[in-house]
Amino acid sequence: MSSSFGEPADAGCQVMRPQASASARALTTFFSHALTSFKATPSKLEVICTVSRRPAGTSQRDGWSAAPSPLPPRARPRTLIILDSSFNPPTRAHLRMATSAVLSETRRLVTAQHNGGGGGPESTRLLLLLSINNADKAPKPAPFQQRLVLMWAFAQDVQASLLQQGNTETDVDIGLSTLPFFHEKSEALDQVEFYRQGSPEVKMEQVMLVGYDTLIRVFNPKYYGPVAAPLSGAPLDTGTPTAEKKKQDEARTPMQKALGPLFERARLRVTMRTDDEWGGKEEQLKYLQGLIRGDDCEEGGGPGLGRIGGSKEWAGRIEMVEGREAGSEVVSSTYARNAAKERNRERLEKMVSDGVRWWIEEEGLYQE
């Protein structure tokens, strides 16, 4: 099958690639301009383009020569799935995280719809988010505009994979942010106009895709300030400020003030990393159980959320899911970069999806 990289995948799900280097240059130029434009604005977070299967009026249907563009949802999504990463490069591990989350959330919303609730396939949206908070320093080893091109290729591969599994509706957005922390990005996404089209009154739940290593960092007290006293805490009330609420706020720890609003609007879907560095499945599940039950144990019983300045109610907003299968090869961006540097195509194919690999080879990335 011959097709331009910007068109949607057909039922055969073969990878879409540019037909000529000129097309590749045009796409790189687009993302370079988008990056420059974003950095010149005061915006902290912005969606710069969308990969969509919509049948009419989109650049993806008009051929690759049309520049990518942001395509806001017709109505506020019920669920926004966020994959926030350095994408240096995006890997098959990212692909599994994204596709499994989209399929899981779509099934959940369809079930809710059948039971009389809202939702359906188009109520789920996926956002690939790249943080450029260190943009004044030259990013290594791939510059941000090249990573955005890889994200575009990756979005095509995500949709091809979803199509193979029966999902034809989920649009994939690509966004930029200068915010360093999850709770700050979550707040910005809740307010960004792009996702408030049509029915802004609809509550949009966020699902943040993270690895086990990121979960450890999210609950590291050093990012939030010292804890005056170990409080179990209740979910933060975001209603109209009152004297009582101000009193409650003063009693909350820095972590509760930061993460309380996050867990009201978002869930964490945590992919376990079962390798030598992070231990096995049992160890990682034990860590989560320690967060949940540690507050109720005797002294020395574990780092419960309340003991580290959080709120144990947050545990209900955390879902642990399987990562790679036991015995399968470890996939990482580091291994992908090494394979590209060594020009080891066989190993690179195991690390990244086909569209991403094409771009790495076409652009000669990670050779230094």
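This is a short tour of a predicted model, stop by stop, with something to select at each one.

**Before you start**

Residues are numbered from 1 along each chain as its sequence is written, and side-chain values use heavy atoms, with hydrogens and water left out. Because this is a predicted model, local features need pLDDT of at least 70 and side-chain atom pairs count only at pLDDT 80 or more, while totals for chains, interfaces and linings use all residues.

**Stop 1: the whole chain**

Show everything as a cartoon. You should find 11 helices and seven strands; helices (H or I, at least four residues) and strands (E, at least two) are DSSP runs, numbered from the N terminus. Of the 368 residues, 51% count as buried, where buried means under 20% relative accessible area, exposed over 50%, and partly exposed in between (1.4 Å probe, protein chains only). The accessible surface comes to about 17200 Å², with 48% of it belonging to carbon and sulfur atoms; these areas come from the Shrake-Rupley method with a 1.4 Å probe, and for residues only the protein chains shown count as cover. A contact means heavy atoms within 4.5 Å. Among the contacts with a separation of 6 or more, 74% are between residues 24 or more positions apart.

**Stop 2: strand β2**

Select residues 79-84, which make up β2; six of its six residues are buried. T79, I81 and L83 point one way, and L80, I82 and D84 the other way. That fits a general pattern: in a regular strand the side chains alternate between the two faces of the sheet.

Now add the neighbouring strands. Two strands pair if DSSP finds at least two bridges between them.

- β3 (residues 124-131) runs parallel to β2 and is joined to it by six bridges; T79 stands opposite T124 here.
- β5 (residues 205-211) also runs parallel to β2, with five bridges; I81 has V207 as its bridge partner.

**Stop 3: the largest nonpolar core**

A nonpolar core is a set of buried Ala, Val, Leu, Ile, Met, Phe, Trp, Tyr and Cys residues joined through side-chain atoms within 4.5 Å. Which residues of the largest core touch the most other members? Select L128 and L148, in a core of 52 residues. Helix α3 (residues 144-164) gives the largest share of this core, 11 residues. A second core lies apart from it, with 37 residues, among them L80, L189, Y195 and W314.

Centre on L128 and show what surrounds it. Leaving out residues up to four places away in sequence, L128 touches L83, F87, M151, F154, A155, V172, D173, I174 and G175.

Move on to A155, in helix α3. A155 counts as buried because its relative accessibility is 0%. Beyond its neighbours within four places in sequence, A155 is in contact with V51, L128 and V172. For a distance label, try A155 to I174: the two are 19 residues apart in sequence and 8.3 Å apart in space, C-alpha to C-alpha.

**Stop 4: T99 on helix α2**

Select T99, in helix α2 (residues 92-114). Is T99 buried or exposed? T99 is buried, with a relative accessible area of 7%. Its contacts, apart from neighbours within four places in sequence, are V158, S161, L162 and Q165.

**Stop 5: the rings**

Show the Phe, Tyr and Trp side chains. There are 10 aromatic pairs; rings of Phe, Tyr and Trp (its six-membered ring) pair if their centres lie within 6.5 Å, and planes under 30 degrees apart count as stacked, over 60 as edge-to-face and the rest as tilted.

F30 and F31 are edge-to-face, because their planes stand at 75°, with the centres 5.0 Å apart. Ring pairs link F30, F31 and W152 into a cluster, and F31 is buried at 0% relative accessibility.

F263 and W314 are stacked, 5.1 Å centre to centre with 20° between the planes. F263 lies in helix α7 (residues 254-265) and W314 in the loop between α8 (281-293) and β7 (318-321), so this pair ties together parts 51 residues apart in sequence. F263 is buried at 4% relative accessible area, and W314 at 3%.

Two charges also sit over rings, in the sense that NZ of Lys or CZ of Arg is within 6 Å of the ring centre and within 35 degrees of the ring normal:

- K185 over the face of F182, at 5.8 Å from the ring centre
- R347 over the face of Y335, at 5.3 Å from the ring centre

**Last stop: helix α11**

Select residues 354-363, helix α11, where seven of 10 residues are buried. Those residues are G355, V356, R357, W358, W359, I360 and E363. Just after α11, check the backbone of G364, which takes a positive phi of about 65°.
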